[in-house]
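User: Hey, can you walk me through this one? I'll just fire questions as I look around.

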Amino acid sequence: MQLQSGSYNLLLLLLTLAFISASTSESYYSAVAPGTIKSNRNYSVCLSLHNALKPAVIRVSLIGEPLFNYDPNGNRIKQFKDIKLNTGVYTNKFNLSEQTVLGQWLILASVLGKYEKSSGRNFKVEKYVLPKFGVYIDADSDFILDDNEFSLTVYGKYTFGKYVEGTATVAILNPATNMTVSKQEATLENFRASFTFQYYDIPLAQMFSWIIISATIKERHTGITQSTLQELSVRKQKYNILVPENEIEFHNGKPYKIKAMVQHWNGSRVLDTITPMTMIHANRTYKTHLDANGVGTFAFDYVDKEVNVFNYAGSSTHLQNIVIGQNYRFDQSSATACTLKWKEGRLKFGTNIDLELTSKLPIPYFIYTVTSHADIVRMKYIPLPANTKSHIIKIKSAVDMIPRCYVYVHYIINGDLRYCELSLKFPNEFENTKSSRNYKAVIQKGVNYLVDNINNINDTYALSLVAVALQMSKSEQANQVLANLQQRSQSKNGLKWWQSSNAAHSNDVEITAYALMALLGTNSLDNINIVKWILEQRNKAGGFKTTHDTVVVLQALIRFNQKYPSNNDTLLKFNYAALDAQGLEVGNGFLGIDPSNSKIWQQIELPKTTRLLQLKIEGEGNALVQLAYHYYVPLETDVESITLDDDSITATTFAKSSSVIHRRETPKQKSFAISPMAKLTSNAVMELEVCFKFKPSKELKHRQTNMVIMEINMPSGFVVSPESMHDLQEEEFVARVEVKDSNTKCLAYFKHLQADDDEKCLSIQADKMHEVLQLEPASIIMYDYYIPENRDTIAYQIQM
């Protein structure tokens, strides 16, 4: 099963199911979904069948639990039924929609039949909001109580790389209550603030195995704050003493030698050959010293049912009784029953990676799984001869294993699941020469195709893309395409831009951005005029018509800034005065720009009565000043009065049930035919049915839309009922539904609409919350998300 999402927070998903019987060894089933979920990646759930004597039916479900409280059990999003295993393995894919439901999700795998087993794992899908700057904590991951104090450093960094100026606040939180235990504040000096907390500042540290660090930075210029959290492990002793299971040696069925490893909590070995280390077993003390690798070796006389206690420099650990004999089994909760080691060698592309699998008990078979980039790269079942306790696994390296891959080995013996794993990291200088040659060959074929068809390009958008491609590939024909592109440009008032050849699809901003990227490879004097035109197309939020326009423009502006870098000596002061319609001053102030804040967006909201803005600019340098304003205009649409019983209702459409009520499409609609029908079923409930169809004009060449959004505004005093939201989500052609503005606006999302599709209808029920006199018309807006100019609006009104 593959999950593919948009911008969501990082989360970890590890799904493991093992259905085993302690008394028999008939059939075993397991499911594994290793890896980390990130945006724009694919993820797999792997189902394995071990030593099955009978067939099994397996089902995998993906269940979303929306944020709406009226549906606490969650909706079944997808189910894969009657699964047939391929060599004991099942994989499948499921793509999350671009407008997916946020909240807790569940992957559930079920084995039907004799065992009737099922299990699953939850994961959370959240919307990712890009912060203006990030807050970072530089600290050790462990707080050792014996040190009596710990230090940390806090700093902030903008998304464009510059460090933040301001103040930092650090708080120690109780992990059980999230209440602040201790708090300090400091100014960021040289962009960093250092803090030191004493043990007595955290009286509860002894009670917990970890504490939470909260760091907040307040930006000096704007007062904007950002925060982050980091967990700190509380260590009650200075060193970590480990006894690896494979370091216990046996003779005549009894342990006689143990190796204990002493580490710092960051994982590094303790290199101390002077301080003694002791082990207490059966009231007898054994003494040794650490070797150069931080390992102490003890030869001892084993006594059954006795605990081993290891001590080093005030730190200690216990090793419970080592069980031996026929009933000996490994404790799966603390250690694996097998070991996996990488034999000496260098990781190279196209060569075998030799991994040594060993176990103290015979290995009847095993399954190894190689994962990388949160997906399963390779999986194989390998049977072994009887009494095999070691095996060399040969895995051929591949590009999809770079830069890091993980190898998991598991098998079942005597009713117990045995498991071990290994991480492999390829060196940074690794380079796939063969793939590089193939890549270049493919690119050259593409360039040759473009060159062969230069004279067949009549569309300005296609020409701008070809110009960028040939310029980047340093083709000799790039100048020919650029000359053709220049001839299609538009110029006016010192500005330069390009227009789309398709009047129905206005993507002038995107075309001009591509043209700028192509021309930056030359020394054209028009580049600054192109940039000026692009900047004039910005909206009030700093973006452009569509998300794609914004992405392409940012790429072009970044390349422009790389070729013509700023000398960062801007020093400007903007004084402004806002005047109303009578010429009276209603506001004034200033903005300052210097090297310390030149990359920070500064914004001032003017009084609503402003009708004239006066600016006085002093200093020198380059800056962009943008004035954004918006206003309302009357809705140009036809409404029709309809009389039903005692109520006079004005609407474009109304209920089908009455013979005096009918539809009438508004002739001004150019892309979408929208016809609502409304009626009052009681004094407190309104029912609205909205029928719609993609009806492109003759100028539109495409017959299918991109994602379409319908915004349905309720009349004043009405709110969308929760039951309607649930019913809308059940519609097969509806991708997503949400409400806004205190449930007075309903948004329905459609993946795409076809011009040849039949008319579709939505039914919405609204509850009257307030009595409103002299109701104004409510609007329904429908538009293509990626071509927002393809939009239509219609109004309906209830007059009581």
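User: Which residue in strand 23 is the bridge partner of Met277?
Analyst: Thr288 is the partner of Met277 in strand 23. Strands here are DSSP E runs of at least two residues and helices are H or I runs of at least four, all numbered from the N terminus.

User: What should I keep in mind about the model and the numbering?
Analyst: It's a predicted model, with local features needing pLDDT of at least 70 and side-chain atom pairs pLDDT 80 or more, while totals for chains, interfaces and linings use all residues. Residues are numbered from 1 along each chain as its sequence is written, and side-chain values use heavy atoms, leaving out hydrogens and water.

User: Back to those two strands. How many bridges join strand 22 to strand 23, and which way do they run?
Analyst: Six bridges, and the two run antiparallel. Strands count as paired if DSSP finds at least two bridges between them. Strand 22 and strand 23 make a hairpin with two residues between them, and Ala282 in that turn has a positive phi of about 55°.

User: Which other strand does strand 22 pair with over five bridges?
Analyst: Strand 25, residues 308–312, again in the antiparallel sense. In that pairing, Met279 has Phe310 as its bridge partner.

User: Which side chains of strand 22 are buried?
Analyst: Met277, Met279 and His281, which point to one face. Pro276, Thr278 and Ile280 point to the other face and are not buried. Buried means under 20% relative accessible area, exposed means over 50%, and partly exposed is in between (1.4 Å probe, protein chains only).

User: Why the zigzag?
Analyst: In a regular strand, side chains alternate between the two faces of the sheet.

User: What about Arg284, where does that sit?
Analyst: Arg284 is in strand 23. Its relative accessible area is 43%, so it counts as partly exposed. Beyond its neighbours within four places in sequence, Arg284 is in contact with Met279 and Asp301; contact means heavy atoms within 4.5 Å. Phe300 is 16 residues from Arg284 in sequence and 9.3 Å from it in space, C-alpha to C-alpha.

User: Jumping along the chain: where is Leu361?
Analyst: Leu361 lies in the loop between strand 28 (352–358) and strand 29 (365–372). Leu361 counts as partly exposed because its relative accessibility is 23%. Leaving out residues up to four places away in sequence, Leu361 touches Thr388, Lys389 and Arg418. Also, Leu361 and Ile413 are 52 residues apart in sequence and 9.0 Å apart C-alpha to C-alpha.

User: In what order do the strands run in the open sheet with strand 29?
Analyst: The order is 30-29-32-33, four strands with antiparallel pairing. Strand 30 (375–383) and strand 33 (416–425) are at the edges with a single partner each, so one side of each has no neighbour in the sheet. Neighbouring strands there are turned by 15° against each other on average, direction ignored. Strand 29 pairs with strand 30 over eight bridges, and Tyr368 has Lys380 as its bridge partner in strand 30.

User: And the three-strand sheet, what's its order?
Analyst: That open sheet goes 11-13-16, with antiparallel pairing. Strand 11 (133–139) and strand 16 (192–198) are the edge strands, each paired on one side only. The twist averages 25° from one strand to the next. Seven bridges join strand 13 (residues 149–158) to strand 16, and Val154 stands opposite Ala193 in strand 16.

User: Enough strands. At what angle do helix 5 and helix 6 pack?
Analyst: About 145°, with the axes 12 Å apart. Axes are lines fitted to C-alpha atoms, for helices over the stretch in contact, and angles run from 0 to 180 degrees between N-to-C directions. Helix 5 covers residues 527–536 and helix 6 covers 547–563.

User: Which residues make the contact?
Analyst: From helix 5, Asn527, Ile528, Val531, Ile534 and Leu535; from helix 6, Val553, Leu557 and Phe560.

User: Last one, big picture. How many helices and strands are there?
Analyst: Seven helices and 49 strands. The protein has 800 residues, and 41% of them count as buried. Of its contacts with a separation of 6 or more, 61% are between residues 24 or more positions apart.
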